[in-house]
Amino acid sequence: MAAGTGTFQTYQTIGIREDLIDIITNISPSENSFTKLSGTGKAKQTYHEWQTDVLAVSSANNSHVEGEVASATAITPTVRTGNYTQILVQDFSVTDTNEAVNSAGRASEIAYQKAKYTKLLANDIEFTLITTSAAASGASGTARLSKGALGWIATNVTTATTATSASAISETDFNATLALIWAQGGMEPYTAYVGSVQKKAISAFTGNNTRFNNMKQSEIDSTVDVYNSDHGKVVIKKHRVMNLTAYAGACLILGDMDLWKKAWLRQKGWELLARTGAFSHYHLESELTLESRQEKGAGKLTGYKIT
């Protein structure tokens, strides 16, 4: 039905106020559990070092005769290792006019952007602590790189074979990796970081087919969040870094989190840089490295399907 002749509609009205709610919605993830669970230390140089040691294998022949002349056993020295600090930065600029105008959802554009970019830097730190495969010393025109957890773990590694690479992680391989960690002295509780594909595979583990559910009758539980193995309890966590294509075929198993430390060389707040115009340029910078006190206390599975 047509509108009445001469009816004045909103389409012709001048001056109707906009209807923009005073809320900004952002659900981008920023959990960063590795950063939160790992310890904190202090770096004093761009190359940060520590030492590791191991006990010799127990001997079945440690028996001696009465009155034997003692002889010294050769001492194996400690292993000195280290990691380079990495500089991570976030910047933004806001014009004086933009800060002065009345904007929906925030009283100050600068304050809003500070909060947003602080979370982004935290995400970058989490990504670096987990993924970087190798450290780099850098040069005058090349940035230093800090090796991440996936790069540090070299002893307890299970790599998918040609036959298993087309599948997600199997319960057999998962338990075999836990056995490797335990044999090296790894301590529970363990935390396993996985992406969506590997999380669904672990939730399908049958084990001894005993599941303990605490839920309402109207709910269906098809997930495994804690896996009790012969070698310890494992908390299974979906991690968005591990869900990226480059890492979706992997599983990172961490033991005692005291073996992982964030060593900060510089941990600075927001700085207002020198003004060169009618705008404010803010700079946030941190420099840190990852200590792997003993990589034998963790493990990883790699090379499995990613979709």
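Visitor: Which residues of strand β9 (residues 251-254) point the other way from Cys251 and Ile253?

Guide: This is a predicted model, in which local features need pLDDT of at least 70, side-chain atom pairs count only at pLDDT 80 or more, and totals for chains, interfaces and linings use all residues. Residues are numbered from 1 along each chain as its sequence is written, while side-chain values use heavy atoms and leave out hydrogens and water. In a regular strand the side chains alternate between the two faces of the sheet. In β9, Cys251 and Ile253 point one way, and the buried residues pointing the other way are Leu252 and Leu254.

Visitor: In β13, which residue is the bridge partner of Cys251?

Guide: Strands are DSSP runs (E, at least two residues), as helices are (H or I, at least four), both numbered from the N terminus. Two strands pair if DSSP finds at least two bridges between them. β9 and β13 (residues 299-302) run antiparallel and are joined by three bridges. Among these strands' residues, the partner of Cys251 is Leu301.

Visitor: What is the order of the strands in the open sheet?

Guide: β9 also pairs with β6, in the antiparallel sense over four bridges, and Leu252 is the bridge partner of Tyr193. The edge strands, each pairing on one side only, are β5 (157-159) and β7 (226-229). The six strands, with mixed pairing, have the order β5-β13-β9-β6-β8-β7.

Visitor: Which residue in β8 stands opposite Val226?

Guide: The edge strand β7 pairs with β8 (residues 232-238) in the antiparallel sense, over four bridges. Within β8, the residue opposite Val226 is Val235.

Visitor: What angle does the direction of helix α6 make with that of β6?

Guide: Helix α6 (residues 196-203) packs on the sheet, touching β6 (190-194) and β8; contact means heavy atoms within 4.5 Å. Axes are lines fitted to C-alpha atoms, for helices over the stretch in contact, and angles run from 0 to 180 degrees between N-to-C directions. The angle between α6 and β6 is about 125°.

Visitor: Is α6 largely enclosed or largely open?

Guide: Buried means under 20% relative accessible area, exposed over 50%, and partly exposed in between (1.4 Å probe, protein chains only). The buried residues of α6 include Val197, Ala201 and Ile202, and their cover includes α5 (171-183), β6 and β8. Because six of its eight residues are buried, α6 is largely enclosed.

Visitor: What percentage of the 307 residues of the protein count as buried?

Guide: The protein has six helices and 13 strands. Its C-alpha trace spans about 120 × 60 × 35 Å along the principal axes. Of its 307 residues, the buried share is 36%.
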